[in-house]
Amino acid sequence: MRLKVITSNPGKVEEYQRMFGDLGIEMEHARIPYDEIQTSELEEVVRKGMDALRSQGLKDFIIDDSGMFVDALKGFPGVYSAYVQKTVGNDGILTLMEGVEDRGAVFKCCIGCDIDGETIIVTGECPGVILKEGRGEKGFGYDPIFSHDGKRSFAEIGLEEKNSVSHRGDAVKLLRERLKALADL
Ligand code: IMP
C-alpha cells in the first residue's frame with residue numbers, strides 16, 4: 001500500500017515513513033494545494049481538506065494539522081498556531097500570558113487518512129503548561145515555552161522522548177491501531 005503525504009514539508013514524509021514502514025505502508029511526498037477553511041476545530045480543517053482533495057480525484061493520502069491551545073486564551077492560537085508563530089512568535093504568547101495564573105495548554109495533532117475508500121480521522125493530544133520564559137535549543141515552534149511535565153520544555157528534551165509523549169506521537173499511535181484493524185478485516 002502506498003499513501004501520498006500531502007504537505008509542503010518533506011521532513012514530515014520521512015517521519016511518517018519511519019513510523020509506518022513496519023506496517024508495509026510506503027509513503028510518497030505530494031505537494032498539492034488545497035483550500036484550508038477557517039474554523040476553530042482542527043478536525044474540521046482536516047475533514048474539509050480531505051473533501052477538497054477527494055473532489056480533485058485524489059485517493060489514498062494523508063494530511064495533518066496541529067496547534068497549541070492555551071486554556072486562559074480560550075484556545076488561542078489553536079488553528080492559527082502557524083500564523084501566530086510566524087508573526088508574534090513565542091514572545092507574543094509570553095506577553096499575553098504575563099500575570100496569568102492558569103498556565104494550562106494542550107497541543108493537538110489531527111491526522112486524516114484516506115485509504116481504500118475509507119476515511120480515518122484521529123486526534124492526538126498532549127496536555128501541559130506554558131512556561132514563564134522560553135528554555136532550550138531543540139525542536140521548533142512553541143517547543144521552548146511548552147512543558148508536558150511542568151519542569152522541562154519540549155525544547156529541552158530529545159526528539160525520542162518528545163515523540164513518546166507528544167500530540168503527534170499520540171495521533172500516530174491511534175492511526176496505527178486503526179490501520180492495523182483495517183488490515184485484519
Ligand atoms: P503543523 O500543522 O504541523 O504544520 O503545525 C502548525 C503549527 O503549530 C506549527 O507551525 C507550529 O507553530 C505549531 N506546532 C505544531 N506542532 C508543534 C510542536 O510539536 N512543537 C512546537 N510547535 C508546534
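Here is a short tour of the sheet, the helices packed on it and the ligand site. The model is predicted, so please read the distances below as computed values. At its heart is an open sheet of six strands with mixed pairing, and a ligand with 14 residues around it.

**The sheet**
- Reading across the sheet, the strands come in the order β2-β1-β3-β4-β5-β6.
- The edges belong to β2 (26-30) and β6 (146-147); each has a single partner strand, so one side of each is left without a neighbour in the sheet.
- Strand β5 (residues 118-130) runs antiparallel to β6, and two bridges join them.
- Val 129 has Ser 147 in β6 as its bridge partner.

**The helices**
- Helix α1 (residues 10-20) packs on the sheet and touches β1 (2-6), β2, β3 (61-70) and β4 (104-115).
- The direction of α1 makes about 170° with that of β2.
- Helix α2 (residues 42-54) lies across β1, β3, β4 and β5, and runs at about 160° to β3.

**The ligand site**
- Among the 14 residues around the ligand, the ones that come nearest are Ser 66, Asp 143, Lys 162, His 167 and Arg 168.
- Lys 162 has a side-chain N or O atom 2.8 Å from an oxygen atom of the ligand.
- Arg 168 has a side-chain N or O atom 2.8 Å from a nitrogen atom of the ligand.
- Lys 12 places a polar side-chain atom 3.3 Å from an oxygen atom of the ligand.
- On its own the ligand has 480 Å² of accessible area, and the protein covers 86% of it.

Definitions and conventions:
Residues are numbered from 1 along each chain as its sequence is written. This is a predicted model: local features need pLDDT of at least 70, side-chain atom pairs count only at pLDDT 80 or more; totals for chains, interfaces and linings use all residues. Side-chain values use heavy atoms; hydrogens and water are left out. Two strands pair if DSSP finds at least two bridges between them. Helices (H or I, at least four residues) and strands (E, at least two) are DSSP runs, numbered from the N terminus. Contact means heavy atoms within 4.5 Å. Axes are lines fitted to C-alpha atoms, for helices over the stretch in contact, and angles run from 0 to 180 degrees between N-to-C directions. A residue is near a molecule or strand if one of its heavy atoms lies within 4 Å of it. A polar contact is a pair of N or O atoms within 3.5 Å; within protein, one must be able to donate a hydrogen and the other to accept it, and residues adjacent in sequence count only if both atoms are side-chain atoms. Accessible areas come from the Shrake-Rupley method with a 1.4 Å probe; for residues, only the protein chains shown count as cover.
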